[in-house]
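Please look at the sequence and the structure below before reading on. The paragraphs after them walk through the contacts between side chains, step by step.

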Amino acid sequence: MDLPGTDIPAPLYLLVMFAVIVVDVVLPVVPSELLVIGAGTMSAHSRLLLPFAVLATFAGSWIGDVAIFLLFRRRLTHFLDRFRWGRAVHRGLRNAIEKAGTSPTYAAVVAVRFLPGGRTASVAAAGIAELPVRPFMLAAAGGGVLWTAWLLGLGFVAGASTGLPAGVSALLGMAVGTLVGAITAAILAVKNRKASTAHEHPEDPGTPAS
């Protein structure tokens with residue numbers, strides 16, 4: 001069993017994956033993680049050269065991050081509002097920021113990208129807060145390295161350790177990655193809800209003694 005798309009030439013697969021990773025920061029619904037995990041599995045089965053997969057994944061992540069960061073930092077989103085598709089993209093970016101509730105910090109740029117929609121929210125929030133460009137680029141690079149290592153490593157381990165066909169191994173890696181992301185997002189959502197509830201309904205201090 002082969003995963004759909006794994007029969008295309010390696011250079012074309014890497015090019016498509018790179019483009020999808022860049023676009024994913026604008027449209028978080030695009031499953032770039034699945035393509036990266038698939039690339040890791042294909043590398044384990046010698047269908048892709050791992051160094052090229054690492055380069056394409058990291059470059060797509062970093063370039064997409066910097067593009068959205070500069071778009072918001074330099075207040076260029078009004079260009080999007082000139083077009084119907086641009087308004088839809090702008091609205092989606094704002095919704096991602098509101099849902100994630102990301103603080104504009106370098107730590108968020110590195111860590112929150114592992115959550116669904118977190119990459120978009122953290123990068124856009126950093127741009128809105130006008131964080132300095134050079135430190136942001138370094139933080140985005142650090143986050144990109146970790147993100148690349150996690151997803152490619154997950155796919156590679158699934159392909160190298162299971163002894164299953166490439167397609168089955170890739171699907172297994174995708175399932176594990178999706179499950180880990182969903183569990184992490186659920187845990188953070190519960191913690192945020194508890195913190196919000198505690199803030200809105202503090203314990204009564206009690207009736208002072210007469």
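What follows is a guided reading of a few side-chain contacts in this model, which is predicted.

A convenient place to begin is with the salt bridges. How many salt bridges does the count come to? The count comes to three, and Asp24, Asp65, Arg113 and Arg119 are linked by them in a network.

Let us follow this network from one residue to the next, starting at Asp24, whose side chain meets that of Arg119 in a salt bridge with a nitrogen-to-oxygen distance of 3.6 Å. Because Asp24 belongs to helix α1 and Arg119 to helix α6, which covers residues 118–128, this pair ties together parts that are 95 residues apart in sequence. Asp24 counts as buried, since its relative accessibility is 6%, and Arg119 is buried with a relative accessible area of 6%.

From Arg119 the path continues to Asp65, for the side chains of these two residues meet in a salt bridge of 2.7 Å, again taken from N to O. This pair links distant parts of the chain, with Arg119 in helix α6 and Asp65 in helix α3, 54 residues apart.

Asp65 also forms a salt bridge with Arg113, in which the closest N and O atoms are 2.6 Å apart. Here the partner of Asp65 in helix α3 sits in the loop between α5 (106–111) and α6, and the two residues are 48 residues apart. Is Asp65 buried or exposed? At 0% relative accessibility, Asp65 counts as buried, and Arg113, at 2%, counts as buried too.

We can now turn from charged side chains to aromatic rings. A search of the whole structure finds one aromatic pair, and this pair is formed by Phe69 and Phe136, whose rings are stacked, with 3.8 Å from centre to centre and 10° between the planes. Since Phe69 lies in helix α3 (residues 50–73) and Phe136 in helix α7 (residues 133–161), the pair ties together parts that are 67 residues apart in sequence. Phe69 counts as buried because its relative accessibility is 1%, and Phe136 counts as buried with a value of 0%.

A last stop brings us back to helix α1, which spans residues 10–24 and contains Val23. Val23 has a relative accessibility of 37%, so this residue counts as partly exposed, a class that lies between the cut-offs of 20% for buried and 50% for exposed. Although Val23 and Ser61 are 38 residues apart along the chain, their C-alpha atoms are separated by 9.4 Å.

Methods:
Residues numbered from 1 in each chain as written. Predicted model: local features only at pLDDT ≥ 70, side-chain atom pairs only at ≥ 80, totals over all residues. Heavy atoms only, no water. Phe/Tyr/Trp six-rings, centres within 6.5 Å; stacked < 30°, edge-to-face > 60°. Helix = DSSP H or I, 4+ residues; strand = E, 2+ residues; numbered from the N terminus. Buried < 20%, exposed > 50% of the residue type's maximum accessible area, 1.4 Å probe, protein only. Salt bridge = Lys/Arg side-chain N within 4 Å of Asp/Glu carboxyl O.
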